[in-house]
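Dear colleague,

I am passing on to you the structure that we spoke about, together with my notes on it. Please look through the sequence and the coordinates before you read on.

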Amino acid sequence: MFNSLRYTKALEEVGVARNQAEAHVGIMADMMGSHFATTQDLANLRADISRDMLQLRSEIRQDMTSLRSEVSQDMIKIRAEMQNLEHRLTIKLGTIVAGSIGISATIMTLVIKLA
């Protein structure tokens, strides 16, 4: 808290004329009034920050819920794609095995006929 009377007396004690000391006090009071935060300014700021934080928390919760939903949907798609790939690989492997058996049977038949 600015004590204007003490400031004026301190200036007068070092030789500053009373009218000059009062001018100093006036300038300081004006400067402090327009540039320093008051208790009410700080209370308003605290209220604004609290409101902004609540809004931010709400937005983050909504974003997290949306993100969870998207990840869940992506996981379902990935599982379906993996099952599709598993089926395709099973069919390809079956085709390879069947072809190998066919080729082996043909080779054995040829070997038996040639022998």
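What follows is a description of the chain as a whole, and then of some residues in it.

Please bear in mind throughout that this is a predicted model. The mean pLDDT of the protein chain is 91, and 98% of its residues reach 70 or more. Confidence does vary between the elements, with helix H2 (residues 18-35) having the lowest mean pLDDT, at 83, and H3 having the highest, at 96. As a general caution, predicted coordinates should not be read in detail where pLDDT is low.

Overall form

The protein chain contains three helices and zero strands, so that, read from the N terminus, its elements follow the order α-α-α. Its radius of gyration is 44 Å, whereas the globule rule gives 13 Å for 115 residues, and the chain is therefore more spread out than a compact globule. Taken along the principal axes, the box that the C-alpha atoms fill comes to roughly 135 × 30 × 15 Å. Buried residues account for 3% of the 115 residues, and the chain exposes about 10200 Å², of which carbon and sulfur atoms supply 63%.

Two distances between C-alpha atoms may help you to find your way along the model. Leu42, which is found in helix H3, is 18 residues away from His24 in sequence, and the two are 27 Å apart in space. Asp63, also placed in helix H3, is 51 residues from Leu114 along the chain, and their C-alpha atoms are separated by 75 Å. Asp63 is exposed, because its relative accessible area is 53% and the cut-off for that class is over 50%.

The first two helices

Is Thr8, in helix H1, buried or exposed? Thr8 lies in helix H1, which covers residues 4-13, and it counts as buried because its relative accessibility is 7%, where the limit for that class is under 20%. If its neighbours within four places in sequence are left aside, Thr8 is in contact with Arg18, Ala21 and Val25.

Arg18 appears again among the salt bridges, of which the structure holds four. In general, side chains of opposite charge can pair when their charged atoms come close. The side chain of Arg18 meets that of Glu12 in a salt bridge with an N to O distance of 2.7 Å, and Arg18 also forms a salt bridge with Glu22, where the closest N and O atoms are 3.3 Å apart. Glu12, Arg18 and Glu22 are thus linked in a network of salt bridges. Because Glu22 and Arg18 are four residues apart in helix H2, about one helical turn separates them. As for their accessibility, Glu12 counts as partly exposed at 27%, Arg18 is partly exposed with a relative accessible area of 45%, and Glu22 is likewise partly exposed, at 43%.

A further salt bridge is formed by Arg51 with Asp52, and here the closest N and O atoms are 3.8 Å apart. Arg51 is partly exposed, with a relative accessible area of 49%, and Asp52 is partly exposed as well, with 41%.

The nonpolar patch

Which residues make the nonpolar surface patch of about 1100 Å²? They are Leu42, Leu45, Ile49, Met53, Leu56, Ile60, Met64, Leu67, Val71, Met75, Ile78 and Met82. One of them, Ile60, has its place in helix H3, which covers residues 39-114, and at 44% relative accessibility Ile60 counts as partly exposed. Leu42, another member of the patch, counts as partly exposed at 49% relative accessibility.

When you open the model, you might begin with the network of Glu12, Arg18 and Glu22, and then turn to the nonpolar patch, which includes Leu42 and Ile60.

With best wishes

Notes. Residues numbered from 1 in each chain as written. Predicted model: local features only at pLDDT ≥ 70, side-chain atom pairs only at ≥ 80, totals over all residues. Heavy atoms only, no water. Patch = residues over 30% accessible without salt bridge, like charges linked within 9 Å, V, L, I, M, F, W, Y side chains within 5 Å. Areas by Shrake-Rupley, 256 points an atom, 1.4 Å probe, with all protein chains shown as cover. Buried < 20%, exposed > 50% of the residue type's maximum accessible area, 1.4 Å probe, protein only. pLDDT = per-residue confidence, 0-100. Rg over C-alpha atoms; globule rule 2.2 N^0.38 Å. Contact = heavy atoms within 4.5 Å.
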